Amino acid sequence: MKRYISPSILAADFNDLEKEIRKINNSNATWIHCDVMDGVFVPNISFGVPVIEAISRIAEKPLDVHLMIVEPAKYIDKFCSIGLDILTIHQEACSHLQRGIQQIKENGVKAGVSLSPHTPVTTLTDVIEDLDLVLIMSVNPGFGGQKFIENTYRKVGELKNMIEKSNSNALIQVDGGITMQNARQLFDSGVNILVTGTTVFKSNDPAKTVDELLAV
Ligand code: DX5
Ligand code: ZN
């Protein structure tokens, strides 16, 4: 199975974001992961549309945008207009999840849904065939640099079963606390894409770290 890395720019040096993006442009990463936080859905505020627009002008990799905001439906069209490859919304933030997924797809963007650590995989049973990606959070959303939650492996197994038993082509993404130590077990359990903030951007050579993660 193909392996993908999506570095999260939340851990990048914001004083020199252009240089940081160029490091990822010159790497074997597949996407650039952008974490949008509103200070309501999660206890932290990061950045929004203007910053992602600026990133999109220099990024040579498609953007993978992870919305950690309440009422994401209000902002889906705006985010999709930037030219994203994939937009992921949180199950816990949507009263009408199926509608949100359709709204993303109507914009010609791939649709992802994310589950926080407390949310069971079974909450996606009725939408799994509509999804291009499921993001399993392996930390509580809101901050980079947190410790990986071990229950993630069990959830990945459950999600893999659900996808195989349905007609879904959804990719499995895991986000939070990814290190050189847990990457292999995650890929071996069926994860397609690992999101890595700290491990990639706080390393001396982000492009080399991406290669090392791909080769674990
Ligand atoms: C957390 C974000 C993650 C985070 C990952 O809410 O969704 O993408 O940036 O950072 P690390 O890899 O440092 O855990
Ligand atoms: Zn994220």
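Here is a short tour of this predicted model, stop by stop, with something to select at each one.

Before you click, residues are numbered from 1 along each chain as its sequence is written, while chains are lettered from A and ligands numbered from 1 in the order in which they are written. In this predicted model, local features need pLDDT of at least 70, side-chain atom pairs count only at pLDDT 80 or more, and totals for chains, interfaces and linings use all residues, with side-chain values based on heavy atoms and hydrogens and water left out.

**Stop 1: the zinc ion**

Select ligand 2, the zinc ion, and bring up His33, Asp35, His66 and Asp175, its protein donors. The donor atoms are NE2 of His33, OD of Asp35, ND1 of His66 and OD of Asp175, and they lie 2.0 to 2.3 Å from the ion. (Donors are N, O and S atoms within 2.8 Å of the metal, or 3.2 Å for Na, K and Ca; water is not among the atoms, so sites may look incomplete.)

What geometry does the site of the zinc ion (ligand 2) have? It is octahedral, with angles of 68 to 168 degrees among six donor atoms. (Six donors count as octahedral if opposite donors are over 155 degrees apart and all others between 65 and 115.) Along the chain, the donors follow the spacing H-x1-D-x30-H-x108-D. Asp35 sits in strand S2 (residues 32–37) and Asp175 in strand S7 (residues 171–175), so this pair ties together parts that are 140 residues apart in sequence. (Helices are DSSP runs of H or I with at least four residues, strands are runs of E with at least two, and both are numbered from the N terminus.)

Are Asp35 and Asp175 buried or exposed? Both are buried. (Buried means under 20% relative accessible area, exposed over 50%, and partly exposed in between, using a 1.4 Å probe and protein chains only.)

**Stop 2: ligand 1**

Now select ligand 1 and show what surrounds it: 20 residues, the closest being Asp35, Gly142, Asp175, Gly197 and Thr198. (To be near, a residue needs a heavy atom within 4 Å of the molecule or strand.) You have already met Asp35 and Asp175 as zinc donors.

Try a few distances from oxygen atoms of ligand 1. A polar side-chain atom of Asp175 lies 2.7 Å from one such oxygen. For Gly197, a polar backbone atom is 2.8 Å from an oxygen of the ligand. The side chain of Ser8 has an N or O atom 3.1 Å from a ligand oxygen.

**Stop 3: His90**

Go back to His66 and step across to His90, since the two side chains make a polar contact (3.0 Å). (A polar contact is a pair of N or O atoms within 3.5 Å; within protein, one must be able to donate a hydrogen and the other to accept it, and residues adjacent in sequence count only if both atoms are side-chain atoms.) The His90 side chain makes another polar contact, with the side chain of Glu92 (2.8 Å).

His90 belongs to strand S4 (residues 86–90). How accessible is His90? Its relative accessible area is 0%, so it is buried. Leaving aside neighbours within four places in sequence, the residues in contact with His90 include Phe41, Leu67, Ser114 and Met137. (Contact means heavy atoms within 4.5 Å.)

**Stop 4: Val139**

Select Val139, in the loop between strand S6 (133–137) and H5. Val139 is buried, at 4% relative accessible area. Beyond its neighbours within four places in sequence, Val139 is in contact with residues including Pro117, Phe148 and the zinc donor Asp175.

**Stop 5: helix H2**

Colour helix H2 (residues 49–58) and pick out its buried residues: Val49, Ile52, Ile55 and Ile58. What covers them? The cover includes H1, S2, strand S3 (63–68) and helix H3 (76–80).

**Stop 6: salt bridges**

Finish with the charged pairs; the count is nine salt bridges. (A salt bridge is a side-chain nitrogen of Lys or Arg within 4 Å of a carboxyl oxygen of Asp or Glu.)

- Arg22 and Glu18 meet at 2.5 Å, N to O; they are four residues apart in helix H1 (residues 17–25), about one helical turn.
- Arg154 and Glu158 have their closest N and O atoms 2.5 Å apart, and they too are four residues apart, in helix H5 (residues 152–165).
- Glu71 pairs with Lys74 at 3.7 Å; Glu71 is partly exposed at 46%, and Lys74 is exposed at 58%.
- Arg3, Arg184 and Asp188 are linked in a network of salt bridges.

Definitions and conventions
Tetrahedral: all angles 85-135°; square planar, octahedral: opposite > 155°, others 65-115°.
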